[in-house]
Amino acid sequence: MPDTPQHPDATPQEFGSVDEVAERFAAHGYITDRRLATTVFLLSRLGKPVLLEGPAGVGKTELAKTLAAVTGRRLLRLQCYEGQDESRALYDWDYGKQLLYTQMLRDKIGDLTADAPDLATAVRRIEEQDSVFFSERFLAPRPVLEAIRGERPAVLLVDEVDRADEALEAVLLECLAEYQVSVPEIGTFTAKVPPLVVLTSNNTRDLSAALKRRCLHLFLDYPDADRELEILRAKETGLPEAAARHLVRVVRGLRELRLRKNPSISETVDWARTLAMLGVEELDPRVLAETANVVLKYERDLDQALDVLPRLVDPNRTLPEPGHGHGHGHGHGHGHGHGHSGNGQDEGDGRAVRVAKDQPGRHDEGYYGAPGAGPAHRAAPGGGQGARAFAAITRRRNG
């Protein structure tokens with residue numbers, strides 16, 4: 001995310017109340033509850049970092065981005081990863097540039113010491129050139145140091161801190177407690193304008209007590225149905241209101257499954273935009289199956305979803321009685337409601353014949369284009385009309 005345009009001397013737009021936090025965040029499309037808005041207000045007023053923990057995709061990173069946008073601060077992001085060198089979280093040292101300056105000094109050292117009356121004087125003159133070797137000109141600040149020494153107010157996002165090693169936590173303690181960073185080659189930098197610090201964690205490991213002690217703490221979980229629907233409205237996905245409300249129920253049903261990765265809020269928004277792009281006004285199992293890969297990124301999760309989507313779309317949907325389909329009874333000799341089938345048998349006998357045709361062994365392995373015995377995989381009556389089509393989709397996937 002690019003920095004928010006701002007004059008270097010601009011004053012950050014801080015919050016006057018908890019309600020103002022909620023209003024300004026909502027104006028930028030981020031819907032907060034009272035607890036989250038209160039935490040953000042305290043973050044800005046107390047000057048303490050906040051640690052956001054919770055599953056991936058619930059809006060932790062987006063909160064820091066929105067905080068930067070609504071306060072007019074620039075966003076500085078440190079993305080953590082396993083094996084990250086703690087020094088690289090603070091700064092890089094430009095050794096190539098330092099070597100160039102050393103060569104320049106070597107060429108000039110004769111001129112510096114040419115008229116020195118004694119060795120002590122020559123050494124003292126050389127020592128006076130230490131700033132050539134160790135100065136900020138060789139310092140390439142990383143996000144943490146840039147947030148401390150920068151002239152402009154900033155929001156420092158330390159993203160997925162749980163993925164980094166414990167050594168990085170120790171390096172961050174000084175920054176989080178005193179808003180200062182020590183650079184061995186130069187000295188200690190202390191923030192002129194303390195940044196607002198947001199740390200996020202997906203709970204892949206426990207964080208140290210020392211780190212948590214320095215932070216406000218908030219666990220972010222998936223929102224309730226009303227707030228998730230409000231988020232969809234705020235994002236202006238283009239999906240009709242009734243379909244959006246229905247989609248939220250479906251997504252919440254998917255999260256109740258034992259999935260490897262639950263659909264995130266951002267993925268729900270993507271799914272809504274996808275359906276709107278396809279012109280969907282009313283949800284049905286078929287269109288959800290065709291687009292489920294927007295929110296489900298693992299094959300096993302997708303297989304589970306295909307089995308339950310018909311029930312999630314319409315829990316009350318039932319199958320008609322076997323053989324009593326409609327829509328092809330004109331001109332084909334199928335009588336409906338007159339006590340006789342089109343072949344001279346009474347309706348009771350005809351129904352029994354049709355039921356017998358659905359017994360195991362009736363169809364070969366190519367039934368509905370799927371390998372394996374078809375009837376063994378058919379959806380049980382009561383699972384919904386869409387269940388039969390989904391049983392075929394599932395068989396094709398398993399094949």
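The following questions and answers explain how the terms used for this predicted model apply to its residues.

Q: What makes the model a predicted one in practice, and how are its residues numbered?
A: Local features need pLDDT of at least 70, side-chain atom pairs count only at pLDDT 80 or more, and totals for chains, interfaces and linings use all residues of this predicted model. Residues are numbered from 1 along each chain as its sequence is written, and side-chain values use heavy atoms, with hydrogens and water left out.

Q: How many helices and strands does the protein have?
A: The protein has 16 helices and nine strands. Both are DSSP runs numbered from the N terminus, helices being H or I with at least four residues and strands E with at least two.

Q: Why is Gly47 called partly exposed?
A: Buried means under 20% relative accessible area, exposed over 50%, and partly exposed in between (1.4 Å probe, protein chains only). Gly47 has a relative accessibility of 30%, and therefore counts as partly exposed. Its place is in the loop between α2 (34–46) and β1 (50–53).

Q: Which residues does Gly47 touch, not counting residues up to four places away in sequence?
A: Gly47 touches Leu42 and Tyr179, where contact means heavy atoms within 4.5 Å. In addition, the C-alpha atoms of Gly47 and Leu196 are 6.9 Å apart in space, although the two residues are 149 apart in sequence. For the protein, 73% of the contacts between residues at least 6 apart in sequence join residues at least 24 apart.

Q: Why is Thr71 called buried?
A: Thr71 counts as buried because its relative accessibility is 0%. Thr71 lies in helix α3 (residues 60–71). A polar atom of its side chain is 2.7 Å from the backbone oxygen of Leu67. This meets the rule for a polar contact (a pair of N or O atoms within 3.5 Å; within protein, one must be able to donate a hydrogen and the other to accept it, and residues adjacent in sequence count only if both atoms are side-chain atoms). Of the 399 residues of the protein, 41% count as buried.

Q: How many disulfides are there, and are Cys80 and Cys215 buried or exposed?
A: A disulfide is a pair of cysteine sulfur atoms within 2.5 Å, and by this rule the count is zero. Cys80 is buried, because its relative accessible area is 2%. Cys215 is buried as well, with a relative accessible area of 9%.

Q: What makes Arg74 and Glu146 a salt bridge?
A: A salt bridge is a side-chain nitrogen of Lys or Arg within 4 Å of a carboxyl oxygen of Asp or Glu. The closest N and O atoms of Arg74 and Glu146 are 2.8 Å apart, and the pair forms a salt bridge. The pair links distant parts of the chain, with Arg74 in strand β2 (residues 74–79) and Glu146 in helix α7 (residues 143–149), 72 residues apart. Arg74 counts as buried, because its relative accessibility is 10%. By the salt-bridge rule the count comes to 16.

Q: Which parts does the salt bridge between Arg255 and Glu228 tie together?
A: The side chains of Arg255 and Glu228 meet at 2.8 Å, N to O. Arg255 lies in helix α11 (residues 241–255) and Glu228 in helix α10 (residues 225–234), so the salt bridge ties together parts 27 residues apart in sequence. Both Arg255 and Glu228 are buried.

Q: Where do Glu241 and Arg245 lie?
A: Both lie in helix α11, four residues apart, about one turn of the helix. Their side chains meet in a salt bridge at 3.1 Å, N to O. Glu241 is partly exposed, because its relative accessibility is 35%. Arg245 is also partly exposed, with a relative accessible area of 38%. Salt bridges that share partners join Arg233, Glu241 and Arg245 into one network.

Q: How many aromatic pairs are there, and why is the pair of Phe15 and Phe25 called tilted?
A: The count is two aromatic pairs. Rings of Phe, Tyr and Trp (its six-membered ring) pair if their centres lie within 6.5 Å; planes under 30 degrees apart count as stacked, over 60 as edge-to-face and the rest as tilted. The ring centres of Phe15 and Phe25 are 6.3 Å apart and their planes are at 45°, so the pair is tilted.

Q: Why is the pair of Phe25 and Tyr30 called edge-to-face?
A: The ring planes of Phe25 and Tyr30 are at 80° and their centres 5.7 Å apart, so the pair is edge-to-face. Phe15, Phe25 and Tyr30 form one aromatic cluster.
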